[in-house]
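Me: Could you take me through the structure below?

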Amino acid sequence: VLDRPQALEDLDRLMQGANRAKRLVEQILTFSRRSSIQRKPIALQKIVHETMGFMRATVPANVEIIEDIDDGLKPVLADPTQIQQLVMNLCTNALQSMRSGRGRLEVRLGRLSPEDRASAPQTLPLSTPIALLTVRDTGHGMSEETLAHIFEPFFTTKGPAEGTGLGLSVVHGIVKEHDGAITVQSKQGEGSSFFVYIPLIPTEDQPEAKEQSKVPRGKGEKILIVDDEVTLCMSMSRMLTRLGYSVVSSSTAAEALDHFLKEPQAYHMVITDMSMPQMSGAGLAAELRRKRSDIPIILMSGFDAGLKMSDLKSMGVTDLVIKPFDMAALGSCVAKNLKTSG
Ligand SMILES: Nc1ncnc2c1ncn2[C@@H]1O[C@H](COP(=O)(O)OP(=O)(O)O)[C@@H](O)[C@H]1O
Ligand SMILES: [Mg+2]
């Protein structure tokens, strides 16, 4: 064969085809094997790190890799082979998107923080700690049209030698298999980020998990939130909505007062930031008190400003919560103060 260039070329093409077929078969097997998956407690960080070791061999020199993995992560109940495949599929796509130039592949793994928890998919179990795997690239990104289809089996924008269109549908299947969730952020020309959420095994030495499941829930009580930091407003709003309250939020004291004065009797509680431009939390509290002397008003403060409970009382404030706080702290403070007021 060696002295017949055409035959060599044919052979090469044949091999490529065979490799592609092999990949296809492997992916389909993962699909169909799903029912007999053996899940056991494993350290996600170990599997992700190992897989990154494999991946490094295929990374072009002009692509920088950032690996940021939390070593102290609690175990997950998972199939190691599947987790490996998930990481490989995401990284392969990321690398393919950076084929034309230099770029950066970031793989991060850590425990989902209480603040990020509020913006995570709502389908995740509420009382379980969650691992978050982020795979980010600086590649060509995706159009909205592409984004809408990426998890569909056989959807691909690649040529037959590169893509089968199964990578992400397999990833999606694996994530579902592990009771997790996956989200994507991408813009054409601006790279892509995939966020994979996987529940960790709740163990006895995770007091936070226990605490969260014990957080008292509301019964639709209406709460007004005021904070000039819009993202904090949004995350509090999500936390309280998840806990069963009905929430109205404003980013200025004036707007909050407007809401309140329209139907002062409808509210069960007001939670306000301490320091805001224009009107302070204390100033707002005084205004609210003129209409409703009985409503609980909780003040949020970014630091322990040396406020004494007696000072707060004289300002018309019922209680204080120190930022940053998590869902458990916020939830129990709200419940406690609703109870004493009702
Ligand atoms: N990191 C990424 N950057 C840009 N596009 C991506 C990325 N990941 C996935 N895609 C898009 O989603 C499609 C489907 O991905 P996938 O299911 O892995 O199939 P394949 O990689 O075989 O095409 C890809 O063809 C590509 O258009
Ligand atoms: Mg792929």
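The exchange below concerns the ligand site and a pair of helices.

Reply: This is a predicted model, in which local features need pLDDT of at least 70, side-chain atom pairs count only at pLDDT 80 or more, and totals for chains, interfaces and linings use all residues. Residues are numbered from 1 along each chain as its sequence is written, chains are lettered from A and ligands numbered from 1 in the order in which they are written, and side-chain values use heavy atoms, with hydrogens and water left out.

Me: Which residues come nearest to ligand 1?

Reply: T156, T157, K158, G165 and L168 do, out of 22 residues around ligand 1; a residue counts as near if one of its heavy atoms lies within 4 Å.

Me: What polar atom of L168 is 2.7 Å from an oxygen atom of ligand 1?

Reply: A backbone atom. In addition, a polar side-chain atom of T157 lies 2.4 Å from a ligand 1 oxygen; polar contacts here are pairs of N or O atoms within 3.5 Å.

Me: Which element gives the largest share of the shell around ligand 1?

Reply: That is α3, with 3 residues. The elements that each supply at least two are α3 (80-96), α6 (167-177) and β7 (192-199); helices (H or I, at least four residues) and strands (E, at least two) are DSSP runs, numbered from the N terminus.

Me: Changing topic, which residues of α3 meet α6?

Reply: Q82, Q85, L86, N89, L90 and N93. Their partners in α6 include G167, L168 and V170, where contact means heavy atoms within 4.5 Å.

Conventions: A polar contact is a pair of N or O atoms within 3.5 Å; within protein, one must be able to donate a hydrogen and the other to accept it, and residues adjacent in sequence count only if both atoms are side-chain atoms.
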